Amino acid sequence: MNTHCTVSRYLLSRLQGLGIKHLFGVPGDYVLNFLDEVVASPVKWVGTCNELNAGYAADGYARCNGLGAALVTYGVGGLSILNAVAGAYAERIPLIIISGAPPTGQKASGALVHHLISDYYLQLVMFKKITCDTAVLSSANTAPEEIDSVIRNCIIQKLPVYLEIPSDIALAPCRSPGEMPDLAPLPSDKTSLAECISKTVEMLDRAAHPLLLAGMELHRLGLGNDALHLVEATELPFATMLSSKSVLPELHPQFVGIYQGGWSREVVRRQVEDADCLLSLGVWMTDLDTGLFSENLDSRRMVSAAGSQVCIGNHHYREIQLGDFIRGLASRVKPRSYLISHPLESNHLRKQFTPEPSCVLTAPRLYECLDSFLDDQMVLLAEPGDAFCAAPEFHIEEAQNFIIQPYYCSIGFCTPAALGVALACPGKRPVVLSGDGAFQMTAQEISSLIRERCPAIIILINNDGYLIERKLHKDGPYNDIQMWQYSKLPGVFDNANYSIGIQASTEEELAQAMQIAIREKEKLVLIEARLPNRDCSAGLERIGKAFRQAK
Ligand SMILES: Cc1ncc(C[n+]2csc(CCOP(=O)(O)OP(=O)(O)O)c2C)c(N)n1
Ligand SMILES: [Mg+2]
């Protein structure tokens, strides 16, 4: 046995090998042994203000880097990160969650140690529900295999995993890491694959108005380029959904728009629903992606590939990996040489924003202004709330440049996630579009953004409370929140001059503030956009109406 290797070093070496350069978290006595090894390794420790934020930061990191990791202490830390891990599980984001734990001797004797909830298994049981694999490293002999197996599942299944390391095991000597575990994706069933590709090719070649609907799994499985190759090779027009926004470029001439069932723009809804062959790739028909299930799609004219199966009419082909299906189709479908299948109308050009002199800011103008400033070096993160409802209107050209939690929808995600985004893609600038309510959940993570010199732009939509909730239901006092002096916050968290806070109440002030943000490339800039009269986007008005009617 190589005495220089320990369980901690083994794990850190694997993290490094998988492209993890940053580890987010909060210390505690059960993880200090491991943390000493972290700071001695090339993996950079990034402390956050709390564990929930560490989880969100690791999630943002994983959305850009392909994998993220967070470290917490037992009980108090482990339970604080649960909501972030649940979000990653719901949305298929691969995260490695490492928790320290009391030493094995104490566990064996059942000692009543601090941070214990009721027994030594409760935290593990909770994590089992929201991860695809777990391991409690109870012996240095078995730890390497257990670490490799858990990591392998994380990467292959694209889901969070949980590793618990008792504090004594962290320093226990173990064998040195050998070859990386085999991370090859699961194979498809060859016969079924060939059959469903042939059937799909037949349907597409026969169709006069086919269309490709690109879904969230393309994002999660990193299949954007394969899907782009397919649409370009075949000249198929395509639509995306809010959850898959920008997985295919939005300035592409074949882009039809964002499909949201009955909430779609009419021209988009018609083109998707009237397609005589709809190739649906990686789509999850969630309530918010389908306008509260108001989609009107005829399954007889559809091919749906998602969740490792392809459905054509009543026929289900199982064990089909989406990537294999898309690449197989691209090599077989005939290109369409006529423009009839192209979008009916183009709405894809970014408009210039010219502020009206002395004009009070409104929500639609705020979003127009922001859209005009976005560029390919920015990653837009949008919170649930009006930001989320306005999101379809932004023009995003690259898959990696738009991040939301479209399904789990936990408010407060974006500010800490921006920390992960900035560290995973140092060449890019995160732009957080957040409501005041969402921002209040995790605002303190601005301090970590400043400490790490992440030049995020935070656009704070100050519409005086939980506006989306006011619109979905009759209003009540529970939607009121304390008014903060938001633009002063960067100063509070900053002990040097790495940040700027600006307030904007008119179109001119906003345009000026955006110009400052662009100019001050190295600084964190928070722009508090004050919207009087609880003004909102057309998208939120529509969604509010749909929710109230559905009651
Ligand atoms: C963690 C969490 N708690 C509660 C909710 C329910 N929720 C969804 S949106 C929202 C209000 C958002 O308010 P704000 O951020 O100000 O956005 P606005 O609608 O005002 O634009 C709440 C409380 C949630 N999604 N996530
Ligand atoms: Mg609000």
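Is Gly-55 buried or exposed? At 0% relative accessibility, Gly-55 counts as buried. Keep in mind that this is a predicted model, and the rest of this report walks through what that model shows, starting with this glycine.

**A glycine in helix H3**

Gly-55 sits in helix H3, which covers residues 51-65. Along the chain, Gly-55 and Leu-95 are 40 residues apart, and their C-alpha atoms are 8.6 Å from each other in space.

**The magnesium site**

Now for the metal. Which residues give the protein donors of the magnesium ion (ligand 2)? They are Asp-436 through OD, Asn-463 through OD1 and Gly-465 through its O atom, at 2.0 to 2.1 Å from the ion. Written along the chain, the donors follow the spacing D-x26-N-x1-G. Asp-436 and Gly-465 link distant parts of the chain, being 29 residues apart. Asp-436 belongs to helix H18 (residues 436-442), while Gly-465 is in the loop that runs between strand E17 (457-462) and helix H20 (467-472).

How covered are these two donors? Asp-436 has 1% relative accessibility, so it counts as buried. Gly-465 is buried as well, with a relative accessible area of 4%.

**Salt bridges**

How many salt bridges does the structure hold? There are 25. As background, side chains of opposite charge can pair when their charged atoms come close. Here are three of the pairs, with the distance between N and O:

| Pair | N to O distance |
|---|---|
| Arg-534 and Asp-464 | 3.3 Å |
| Glu-541 and Lys-471 | 3.0 Å |
| Glu-520 and Lys-523 | 3.9 Å |

Take the Arg-534 and Asp-464 salt bridge, with its closest N and O atoms 3.3 Å apart. Arg-534 lies in the loop between strand E19 (524-530) and H23, and Asp-464 in the loop between E17 and H20, so this pair ties together parts that are 70 residues apart in sequence. That E17 to H20 loop also holds Gly-465, one of the magnesium donors. Arg-534 is partly exposed at 31% relative accessibility, and Asp-464 is partly exposed, also at 31%.

This pair doesn't stand alone: Asp-464 and Arg-534 belong to a network of salt bridges with Arg-470, Asp-475 and Asp-480.

Next comes the salt bridge of Glu-541 with Lys-471, whose closest N and O atoms are 3.0 Å apart. Why does it tie together parts that are 70 residues apart in sequence? Because Glu-541 lies in helix H23 and Lys-471 in helix H20. Glu-541 is partly exposed, with a relative accessible area of 39%. Lys-471 counts as buried at 18% relative accessibility, since the cut-off for buried is under 20%.

In the last pair of the table, the side chains of Glu-520 and Lys-523 meet with 3.9 Å from N to O. Glu-520 is partly exposed at 25% relative accessibility, whereas Lys-523 is buried, with a relative accessible area of 17%.

**A positive patch**

Which residues gather in a patch of positive charge on the surface? Lys-474, Lys-545, Arg-548 and Lys-551 do. Of these, Lys-545 can be placed in helix H23, which spans residues 538-550. With a relative accessible area of 49%, Lys-545 is partly exposed; to count as exposed, a residue needs over 50%. Helix H23 is also where Glu-541, the partner of Lys-471, is found.

**Backbone oddities**

Most residues other than glycine have a negative phi. Two residues are worth a look with that in mind. Phe-293 is not a glycine, yet its phi is positive at about 60 degrees. Phe-293 is placed in the loop between strand E10 (277-281) and strand E11 (302-306), and it is exposed, with a relative accessible area of 53%. Glu-319 is not a glycine either, and its phi is positive at about 55 degrees. Glu-319 is found in the loop between strand E13 (315-318) and helix H14 (322-332).

**A tryptophan after H20**

To finish, where does Trp-484 lie? Trp-484 is in the loop between H20 and helix H21 (489-493). With a relative accessible area of 28%, Trp-484 is partly exposed. The C-alpha atoms of Trp-484 and Asn-462 are separated by 9.4 Å, with their positions 22 residues apart along the chain.

How values were computed
Residues are numbered from 1 along each chain as its sequence is written. Chains are lettered from A and ligands numbered from 1 in the order in which they are written. This is a predicted model: local features need pLDDT of at least 70, side-chain atom pairs count only at pLDDT 80 or more; totals for chains, interfaces and linings use all residues. Side-chain values use heavy atoms; hydrogens and water are left out. Donors are N, O and S atoms within 2.8 Å of the metal (3.2 Å for Na, K and Ca); water is not among the atoms, so sites may look incomplete. Helices (H or I, at least four residues) and strands (E, at least two) are DSSP runs, numbered from the N terminus. Buried means under 20% relative accessible area, exposed over 50%, partly exposed in between (1.4 Å probe, protein chains only). Patches are made of residues with over 30% relative accessible area and no salt bridge: like charges are joined within 9 Å, nonpolar side chains (Val, Leu, Ile, Met, Phe, Trp, Tyr) within 5 Å. Accessible areas come from the Shrake-Rupley method with a 1.4 Å probe; for residues, only the protein chains shown count as cover. A salt bridge is a side-chain nitrogen of Lys or Arg within 4 Å of a carboxyl oxygen of Asp or Glu. Lys and Arg count as positive and Asp and Glu as negative; His and the chain ends are not counted. The place of a charge is taken as NZ of Lys, CZ of Arg, CG of Asp or CD of Glu.
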